[in-house]
Amino acid sequence: MFGNIFNEDDVALSEAIEESRRLQISTNGNAPDSPRAQCQLAGINNQGATCYLNSLLQTLFFTPEFRGALFGLSERELGRLEDKDNPRLKVRVIPLQLKRLFLRLLLSNRQSISTVELTESFGWTNSEELQQHDVQELNRILFLAIEDSLAGTRGNNLIKELYHGKLVNQITCMQCGKISEREEDFLDLTVTVGGVDSLVDGFQQMFCDMEMMKGKNQYWCEVCRRLVDAKKGTKIRSLPPILTISLLRFSYNFRKMERYKETGKFTFPMSINMKEFLDEEMPSDVTEYELFSVVIHRGSAHGGHYHAYIRDVDNLGNWVKPESAALEVPRCASATGDIQYDSPVDLCHQILSRHPHRAMNINKLCVEICNQTGHSWNKLFKKRYGSINKFFQKYDDKFVLNLDSGFVSLRQDLPQKLEKNNNRTKSPTDHKSKRRDSSQSDDRDRRKDDERPSSPLPPEGYRWFNFDDSVISPIRAKDIEKQFSGKESAYMLFYRKKSLIRPEEAMGNPVYELSESLVNPILQENRELEMQRQEYECIINMVTLQVHFSPHYGYVDGALKNCGGDHAFTELTMDRRQTVQDLIVAVKEIGGHLVPKQLVLHRMRDLPAGFHLYDEITQDCSKELVQLSIDSDTKLFAWNGHKVKDKPIPVGASSEPVYLTIIHGNPAQFSRGFPRDMTFDDFRSCICDLTQVDFSTIVLKKIVGKNSAMHVQTLEDCTSTLEGLQFKDGDQIIVEDKMKNSISLAEKTAARQSQFFITVQNKCGQCLHDGSWPKTTVHVSKDMLLSTVKSCAMEKFGVNEVLDGGRLRVDHETLGLRVPLHEELTVGDANITNKSVVILEPGKAPEKHQITLTVSSGDPNIELPEMEITVDYNITVGRCLKHIIHKCHLRGDSWHLRKTNWCGEAADLLDDLDISLENSLVNDGDHILLKEGKLPPKGYFQLPIFLYSFEDSSQNSWIINSIASSIQALMSKILTTTSCASHKGLAPIGEVQISKDASLEELKQKILMLPQVLELYITTPDFIRIRLIENNRLTTILRVLHQSLRRQKVTSSSRIAIQVLDVEEQLSQYEIVLAVKERIADTRDYGPEKELIWNTSQSADSRCLRKSIAELLNIQADTIVMAKHFPQKFTWLPITEMSVSRSESHKGRKKSRLPKLPSLKQPPFHITDGDIIGVQSHRDNKYDFNTVEDDEGLEELKREAEEKRKMREERKNASNGTGSRKRKPEVPLKIKVDSFT
């Protein structure tokens, strides 16, 4: 099943486990830091995204000149950290923290050192450690901060003397030969990677190639007093002791408008002579450099990980061959380190040896590896050993991997019978041949390894290590060549002069030239740390065991079962470093008379069939408990080693009971355990005794497969065991009697769906002391009724009565608590699977004809808690509404219901109160909104009507003055008596109830009869224009008088606005009403809107619109530019004269004088009624139509978008969802330094 899951690079399960492990580790800080590993060097903890900082700090630490100069600064110059909060004393915190960090890296017996104190001295208090930065940028900023911090001390010129060099830019006149020079200081040399093959070639381009300045780029020569041809170039004038080189691997693609990483091959030498790049001759001891650090970046231009290959110049570490190096894993509080290992072979062997079966599923094994180390297999071992499947196949002399079942076990612990059964699938000859070939191949490989001459150790001072945050491993110098190209490649190079020779006294001496005042505090820390480790070892080695005594047990149905009540075992606390003899003494003390004279202890495990005994603990009394993999909650069985209540007890994995269900009637059945090493004949005889079926007529059949693949397999006579027949817990065996012709029993049993276990939580009583609810498992089948499931659960919980009978509901892992289940449904009909969690709670279960709905308020101003109601499926919408109003304790009948869509938003209106919920497509579990407002009769609209008028009536020249004054008076009256105007120029004047099939003309007649409209003395319906209001602005005009409102897309949620006209109007479908706004010159404001009725019957292109606008504004068409406004987005889209291709415009017809332009009714403009068209002179910025209000609106949209993004991210983190990695916004890197000048 899981055979190939770990062959993939990206294993979601392992990564998820690793992430949860990190979270768990971060919450527990009780474990002391682990001691240094085999390399005897200390790593640096990653605070979140500080790998770039760690790589640079390790490089500085392994620069002896920098480290020594820092240690040479006295407390008198730097101050004391204890005084850093004293404003009167200037304490140089950054150098002091660097000094403390380097001392701990040098002397502290920790696997990794924290940089929290150092980053706090940088002023990083707002989670800056979680933001990754560029290490080249950090190099410059950190050195600047160190220089500022050391001002006025002996280390004032430390950075300058070690890392600064000088470049000289030269321009040589081709006429007179005059050389103009300009010197500049450099901290690092930046070399372009793109298009360059090597570091030497890059230096050639930078310092040897000359640029010719001629033509338009001629140089003004002060000697020649004219523009002349010249040569321009750069040379190195002085070199620093430590030469820093930054490789420019990140570039920008201007076509795609994105950054990318140069991954091409770029070589660099282990040593380099800079002589040819200097502007003057220098001795070779000054120009020869050796590589000592390579900072490597793995990832893309948008993020990744840094680590460093560093040469141990002072021979401080213990270098071993990389292939024989012990595995270094950063241990932490949760990774207790109770398994010690030097390779994954030892790790897997010890984990499997602790398991009772000496075998585990690969998934569970990977989880255990992660629990022990804090990291997944892929991160720790894949690079060296490959996928976990390949690893087990390679070490098949120690492990046995079954790809079909996904289990791995220790080879020496395989039961012999199981090995024989597995071997039956192959011919003896093939098996022996294959085994012989495999062993010979292994022997050849081992001989090759033994015969291969071992490479000598690198000389002192030339041994390389890989510093990857907390993990440090030895590497060979040739491994550096792997970083020439690819996604993981060199990013910074550090060279040191060959002349910087370290004295012999410094080699391997970490306290070289260190004063006792610096060394003693760290040594004291080490002593205290060692005491903490000893105390911690005592704590983590204390285990609590369960000792079960044989008088409380009996051997029933193939397994040990408790016959002594609840107190069958006694807890015993032991130190795992104690011996078995100590354990025996302790068991005798707590057991008293329950302990037999000849005490034997076996490991015991709880199985579905009951308890079973495995390996004997008391075989070697001198062994420590830790050697026997005894942990907390290990169950030990104390007995005489032979019998329990005069019955012999089988021991070992081979005799482990398998829990089977025996079906010998319909529905007569029972379940019990049978030993796995029981032969089939013995099993059949046992079934005959249990079912009273004659041995000669009994037929046994086994149900195989699941769901549609389920079938019945007849078990033939054979000499195999139950293990060989691959019986497993939960299998169902059908017993038939040939004499009774009960063949139908197999068919009926096979027809039943597969059985499984579900988890049931009991919420009918009190919760447990830890706040959780009691749980149990119930064995169910898919055709089992939920009422039966409820009864079984109540019986298991020991509950006799539940309020209102009790009910079940599913607690979905993503959707949460679902509605109560109908008890007449089967488990399969309710979509309950073996992963489901079912809740048992007080309450009446819904009947067959009932559905459960959740109801909440659809109005934010109405406080109504979400409630659950159960109603009849055939109840009408009206009765359901009354029931909800009554349950909510509301008054009145001005309420209605709406359905919701998949995301909980308001959807269809339930406006037909006489039809049933079933016909309204309301289903069990739906969410319904209760909204205020009385529904119109069936088939009718209740439409709110608004009166619209321009604020400035002088702009409405089409309105007769008397009507204009009446409208203004009416608007003022309405706006002073109500506060519900929703938009400037809109005032509510009433509501109209009208049939959905009524025509537009009927709607106009209804509006004219409104009391407030009667005051306007409008004579005919053609004097008013009907428009829809969308997003608080006027949009579509309803044109066709005889067409129904339903056809014109009027809905129950529509709002209607009327405009009063001075002439009768009947717009055609080709006429579009637009609002035109002309921009005021030299401002960002527009004049008042002017209405344009644009006739598109001849053309709807930009040329036609430009002409119509020019006529409206009385200006020349060729002097204006236009744009459409999108109010919701606060943007303007310029309308340009975009022509189609010549082939399209002239295809199939004669050439026209003007090219065809696209219609503005089509994308991207979609010009329609109510659109705002902005106009300005072409002399202004033709693409800038925005106003101040638009700018403010855009800022508000950006703020809202950012808030939504943060909310989505918070929800994503809260739900632990997966998805693609989000690119973090870049923030500037800063290090705060006090002034010391």
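Author: Helices here are DSSP runs of H or I with at least four residues, strands are runs of E with at least two, and both are numbered from the N terminus. Going by that, Pro 1164 lies in the loop between α28 (1142-1145) and β55 (1172-1177). The model is predicted, so local features need pLDDT of at least 70 and side-chain atom pairs count only at pLDDT 80 or more, while totals for chains, interfaces and linings use all residues. Residues are numbered from 1 along each chain as its sequence is written, and side-chain values use heavy atoms, with hydrogens and water left out.

Reader: What makes the peptide bond from Pro 1163 to Pro 1164 worth a look?

Author: That bond is cis, with omega near 5°. Most peptide bonds are trans, and most residues other than glycine have a negative phi.

Reader: On the phi side, which value does Asp 469 have?

Author: Phi of Asp 469 is near 55°, which is positive, and the residue is not a glycine. Asp 469 sits in the loop between β19 (463-468) and β20 (471-475). His 889 also has a positive phi, about 60°, without being a glycine. The loop holding His 889 runs between α23 (877-887) and β43 (895-900).

Reader: How do you know whether Asp 469 is buried or exposed?

Author: Set its relative accessible area, 13%, against the cut-offs (buried is under 20%, exposed over 50%, partly exposed in between, with a 1.4 Å probe and protein chains only), and Asp 469 is therefore buried.

Reader: And what is His 889 called, buried or exposed?

Author: His 889 has 72% relative accessibility, so it counts as exposed. For the whole protein chain, buried residues make up 46% of the 1237 residues.

Reader: Why is Val 810 called buried?

Author: Val 810 has 12% relative accessibility, so it counts as buried. The residue belongs to strand β38 (residues 807-812). Leaving aside neighbours within four places in sequence, its contacts (heavy atoms within 4.5 Å) are Gly 816, Leu 817, Arg 818, Leu 821, Ile 832 and Val 837. The C-alpha atoms of Val 810 and Leu 840 are 9.1 Å apart, with their positions 30 residues apart along the chain.

Reader: What about Val 519, buried or exposed?

Author: Buried: the relative accessible area of Val 519 is 9%. Val 519 is part of helix α18 (residues 516-540). Not counting residues up to four places away in sequence, Val 519 touches Leu 107, Val 511 and Leu 514. Its C-alpha is separated by 7.8 Å from that of Leu 103, which is 416 residues away along the chain.

Reader: Which angle and distance describe the packing of helix α5 (residues 93-107) on α18?

Author: About 60°, with the axes 10 Å apart. Axes are lines fitted to C-alpha atoms, for helices over the stretch in contact, and the angles run from 0 to 180 degrees between N-to-C directions. Under 35 degrees is roughly parallel, over 145 roughly antiparallel, 65 to 115 roughly perpendicular and the rest oblique, so α5 is oblique to α18.

Reader: What does each helix put into that contact?

Author: Lys 99, Leu 103, Arg 104 and Leu 107 come from α5, and Leu 518, Val 519, Ile 522, Glu 525 and Asn 526 from α18. These divide into 5 nonpolar, 1 polar and 3 charged. (Nonpolar covers Ala, Val, Leu, Ile, Met, Phe, Trp, Tyr, Cys and Pro; charged covers Asp, Glu, Lys and Arg; the others, Gly among them, are polar.)

Reader: How do the axes of α2 (residues 51-61) and α7 (residues 135-149) cross?

Author: They come within 9 Å and cross at roughly 55°. That makes α2 oblique to α7. From α2 the contact takes Tyr 52, Leu 53, Leu 56 and Leu 60, and from α7 Val 135, Leu 138, Asn 139, Leu 142 and Phe 143. The split is 8 nonpolar, 1 polar and no charged.

Reader: What makes the pair α11 (residues 344-354) and α12 (residues 362-373) roughly perpendicular?

Author: Their axes come within 11 Å and cross at roughly 110°. With that angle, α11 counts as roughly perpendicular to α12. Leu 347, Cys 348, Ile 351, Leu 352 and Arg 354 of α11 meet Leu 365, Glu 368, Ile 369, Gln 372 and Thr 373 of α12. This contact divides into 6 nonpolar, 2 polar and 2 charged.

Reader: How many helices and strands does the protein chain have?

Author: 29 helices and 55 strands.
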